[in-house]
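I opened my notebook to record what holds the parts of this chain against one another. I kept each entry short.

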Amino acid sequence: MNLDRYDDRQKAVIKKYFEVLADTRLTGKLSEGIKKREVKYWERFSASVVIHALEIHIQKYRYARESYTRGIMRNLEAQGYQGQVNQTRSKRKDFETTQDMSASRRKEYEEEMKLFYRKKGVKLK
């Protein structure tokens, strides 16, 4: 596997992605051949598209197989995703997203939301 074009943070995302993929198998293992095949497929896309697609898969589609991630990559490329810089234009004005928050503000926000749902009687995981 040639992961030279990825930095350490991106390599950590890739490692986590392969761990998530292993959970989709009955044996709980992922062969080196599948890893190599996926990395070879990723060469068609920019590193930012690959990493963003892997992050989406990890967060939202943990039980989907690798073919689903390929579709995410194709769609990101078709939409013209080029990294975080391009995405700032599509953000809703005057609304703060969790990606924009500092770690302490995010924790404060999560506590606010827990309190809000507790008052409504909704059980959270």
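What covers the buried residues of H2? I found that the cover includes H1, helix H3 (47-60) and H4, by contact (heavy atoms within 4.5 Å). I took helices from DSSP runs (H or I, at least four residues; strands are E, at least two), numbered from the N terminus.

Before going on, I noted that this is a predicted model, where local features need pLDDT of at least 70, side-chain atom pairs count only at pLDDT 80 or more, and totals for chains, interfaces and linings use all residues. Residues are numbered from 1 along each chain as its sequence is written, and side-chain values use heavy atoms, with hydrogens and water left out.

**Entry: the buried side of H2**

I listed the buried residues of H2: Ile 34, Lys 35, Glu 38, Val 39, Tyr 41 and Trp 42. They fall within an arc of 160 degrees seen down the axis of H2, so they line one face of the helix. The arc is taken from the directions from the helix axis to the C-beta atoms. Buried means under 20% relative accessible area, exposed means over 50%, and partly exposed lies in between (1.4 Å probe, protein chains only).

**Entry: aromatic rings**

I looked up ring pairs next. A pair of aromatic rings is described by the distance of the centres and the angle of the planes. Rings of Phe, Tyr and Trp (its six-membered ring) pair if their centres lie within 6.5 Å; planes under 30 degrees apart are stacked, over 60 edge-to-face, and the rest tilted. I counted 5 aromatic pairs by this rule. One of them joins Tyr 17 and Phe 18, which are tilted at 50 degrees with centres 5.7 Å apart. Both of these residues, Tyr 17 and Phe 18, are buried.

Phe 18 also pairs with Trp 42, and this pair is stacked: 5.7 Å between centres, 15 degrees between planes. The two rings link distant parts of the chain, since Phe 18 is in helix H1 (residues 8-22) and Trp 42 in helix H2 (residues 32-42), 24 residues apart. I found Phe 18 and Trp 42 both buried. Ring pairs thus join Tyr 17, Phe 18 and Trp 42 into a cluster.

I noted a charge on a ring as well. The charged end of Arg 70 sits over the ring of Tyr 41, 4.0 Å from its centre. The rule asks for NZ of Lys or CZ of Arg within 6 Å of the ring centre and within 35 degrees of the ring normal.

**Entry: salt bridges**

How many salt bridges does a search of the whole structure find? I got 9, each a side-chain nitrogen of Lys or Arg within 4 Å of a carboxyl oxygen of Asp or Glu.

Arg 25 and Glu 66 form one, at 3.0 Å from N to O. Arg 25 is in the loop between H1 and H2, while Glu 66 is in helix H4 (residues 66-78), 41 residues apart. Both Arg 25 and Glu 66 are buried.

Glu 66 also meets Arg 37, at 3.2 Å from N to O. Glu 66 lies in H4 and Arg 37 in H2, so this pair ties together parts 29 residues apart in sequence. Glu 66 has 9% relative accessibility, so I logged this residue as buried. Arg 37, at 42%, counts as partly exposed.

Lys 114 and Glu 111 form another salt bridge, at 3.8 Å from N to O. They are 3 residues apart in helix H6 (residues 103-120), so about one helical turn separates them. Lys 114 is partly exposed at 37% relative accessibility, and Glu 111 is partly exposed at 40%.

My last note is on shared partners: such salt bridges join Arg 25, Arg 37, Glu 38, Glu 66 and Arg 70 into one network.
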